[in-house]
Amino acid sequence: MRGALRQVALPVAALLLAAVAVLWGVGRILLWSMPPWRDSVGDQNHTEKITGTYLIKESAAQEDTLLIFGSSELRTTEISTHPANFFAGKRAGFQVDLIGRGSCQSLIHAIQIAASGDSLEGEKVVLITSPQSYVPEGIAPDLFFANFSYEQYLALLEDEDLSNEVKTYLSGRVAELLDEYQQMPDAAPVDPAIQALAEHGAAPSVASSLKTALLSPYYALENHLLGMKDLVTARSVLASGKDAQAPEQPAPIDWEAEEKMAVSQAVEMTSNNDFGMENDYYTTYIGSRLERQRDRDRDLDYSNSEEYDDLRILFEICRQKGIDPLFIHVPLHGQWSDYTGFTEDRRETYYENVRQIASEYGIQMLDLTGYEYEEYFMCDTMHLGWKGWLAVDRALIDYYYSL
């Protein structure tokens with residue numbers, strides 16, 4: 001009997017070892033043969049920058065790249081003052097790297113940065129969160145899952161420099177949101193092993209410890225396969241990119257002239273409404289429904305939200321990673337908010353909540369909330385516009401060259 005078992009077990013073990021060796025070799029070949037970083041990659045909101053780890057680490061390794069973690073505001077590239085346009089050709093001596101898309105809220109950024117190892121230590125990083133993120137329930141389960149990365153979650157759990165408190169919090173939020181997501185109609189499948197790992201990380205028990213121990217080979221294999229997938233996707237992104245040659249001596253920027261050009265474009269792009277909103281946005285989302293949206297937000301309240309704790313953990317991760325970020329505090333559209341009934345006093349409660357959290361962590365903040373009534377500062381109800389992005393551009397230059 002023992003001899004028969006040995007005859008079966010030895011070939012199986014040999015086959016497994018051979019498979020591991022092949023996978024390791026493929027991973028090494030992929031890594032050694034990767035194309036170099038290309039500047040134009042920074043201007044594009046590639047999904048792989050949101051869910052992978054390789055492109056963020058490569059971007060951070062560049063001497064003249066400023067990483068911007070944001071949300072849906074990063075897509076407004078039709079605006080001339082958007083950083084991807086304003087800093088084209090490294091006009092100020094550096095390239096921006098846009099990381100994020102709609103619903104990349106504080107928790108998504110926290111996981112991304114927590115998974116970055118030591119690549120962002122001492123680097124300059126810009127963080128933007130959108131006002132609409134601060135609804136009471138925080139990030140919605142389906143929007144979380146759309147941007148959640150198994151690879152990043154597994155990577156942050158292996159980081160010995162992150163505190164247990166941070167890992168416990170992130171695991172708790174991951175477990176909670178994955179569970180809520182699975183209860184939604186038409187939810188995509190969730191990896192049950194990752195769900196179990198998150199539940200264990202949030203509230204370990206004897207049973208969960210045994211389960212995760214038994215699953216440890218699976219987690220190791222999954223981590224390796226996800227890493228290879230990341231490299232394959234990143235390869236195609238880098239291969240299609242181009243470099244930009246920075247000027248030897250960046251020319252001084254005439255900010256008054258830049259504002260005049262921005263306003264000129266804004267006037268042309270907001271000609272069909274009285275709110276200073278971009279024409280297509282206004283037509284699509286407001287237009288004929290304008291009267292029905294009067295006072296629709298009279299019960300809206302951002303005073304309490306899960307997002308505030310997610311913002312705290314984002315700042316705490318930056319602290320533990322040795323990152324001194326610039327945080328952009330984005331206003332709402334004052335005129336539109338008044339029209340929909342989201343009153344100034346309730347907006348100020350949200351603004352002050354964010355200010356207080358940033359102050360607790362000593363975060364350098366560009367507070368733009370005083371411009372909520374400034375014409376052309378926003379391009380729609382919640383996203384930075386022509387003057388808004390110009391204020392950010394100016395702050396990015398000061399931040400990039402600060403000691």
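**View 1. A salt bridge joins Asp97 and Lys49.** In this predicted model, the side chains of Asp97 and Lys49 meet with 2.7 Å between N and O. Asp97 belongs to strand E2 (residues 95-99) and Lys49 to helix H2 (residues 47-51), so the pair ties together parts of the chain that are 48 residues apart in sequence. Both Asp97 and Lys49 are buried. If you are new to such pairs, it helps to know that side chains of opposite charge can pair when their charged atoms come close. The structure holds 22 salt bridges, and a few others appear in the views below.

**View 2. Asp159 and Lys321 form a salt bridge.** Here the closest N and O atoms are 2.3 Å apart. This pair links distant parts of the chain, with Asp159 in the loop between H7 and H8 and Lys321 in helix H14, 162 residues apart. Asp159 is buried, and so is Lys321.

**View 3. Asp309 and Arg312 pair within helix H14.** The closest N and O atoms of this salt bridge are 2.9 Å apart. Asp309 and Arg312 are separated by about one helical turn, because they are 3 residues apart in helix H14. An α-helix has 3.6 residues a turn, so residues three or four places apart point the same way. Asp309 counts as partly exposed, at 37% relative accessibility, and Arg312 is also partly exposed, with a relative accessible area of 27%.

**View 4. Four residues share a salt-bridge network.** Look for Arg173, Glu176, Glu306 and Asp310, which are linked in a network of salt bridges.

**View 5. A patch of negative charge sits on the surface.** The patch gathers Asp118, Glu121, Glu160 and Asp161. One of these residues, Glu160, lies in the loop between helix H7 (150-157) and helix H8 (164-182). Glu160 counts as exposed, because its relative accessibility is 77%.

**View 6. Ala175 is a buried residue of helix H8.** The relative accessible area of Ala175 is 9%. Not counting residues up to four places away in sequence, Ala175 touches Gln195, Ala198 and Glu199. Gly201 is 26 residues from Ala175 in sequence, and their C-alpha atoms are 8.8 Å apart in space. As for Glu199, its place is in helix H9 (residues 192-202), and Glu199 is partly exposed, with a relative accessible area of 42%.

**View 7. His383 is buried in a loop.** You will find His383 between strand E5 (364-367) and helix H17 (386-400). Its relative accessible area is 4%. Leaving aside neighbours within four places in sequence, His383 is in contact with Ser72, Glu73, Arg75, Thr76, Gln132 and Met378.

**View 8. Helix H5 is mostly covered.** This helix spans residues 106-114, and 9 of its 9 residues are buried. Among them are Leu107, His109 and Gln112.

**View 9. Asp186 and Asp295 each have a positive phi.** Phi of Asp186 is near 60°, a positive value in a residue other than glycine. Asp186 is found in the loop between H8 and H9, where it is exposed, with a relative accessible area of 83%. For Asp295, which is not a glycine either, phi is about 65°. Asp295 is in the loop between helix H13 (279-285) and helix H14 (306-321), and Asp295 is partly exposed, with a relative accessible area of 34%.

Conventions. Residues numbered from 1 in each chain as written. Predicted model: local features only at pLDDT ≥ 70, side-chain atom pairs only at ≥ 80, totals over all residues. Heavy atoms only, no water. Patch = residues over 30% accessible without salt bridge, like charges linked within 9 Å, V, L, I, M, F, W, Y side chains within 5 Å. Areas by Shrake-Rupley, 256 points an atom, 1.4 Å probe, with all protein chains shown as cover. Lys, Arg positive; Asp, Glu negative; His and termini not counted. Charge placed at Lys NZ, Arg CZ, Asp CG, Glu CD. Helix = DSSP H or I, 4+ residues; strand = E, 2+ residues; numbered from the N terminus. Buried < 20%, exposed > 50% of the residue type's maximum accessible area, 1.4 Å probe, protein only. Contact = heavy atoms within 4.5 Å.
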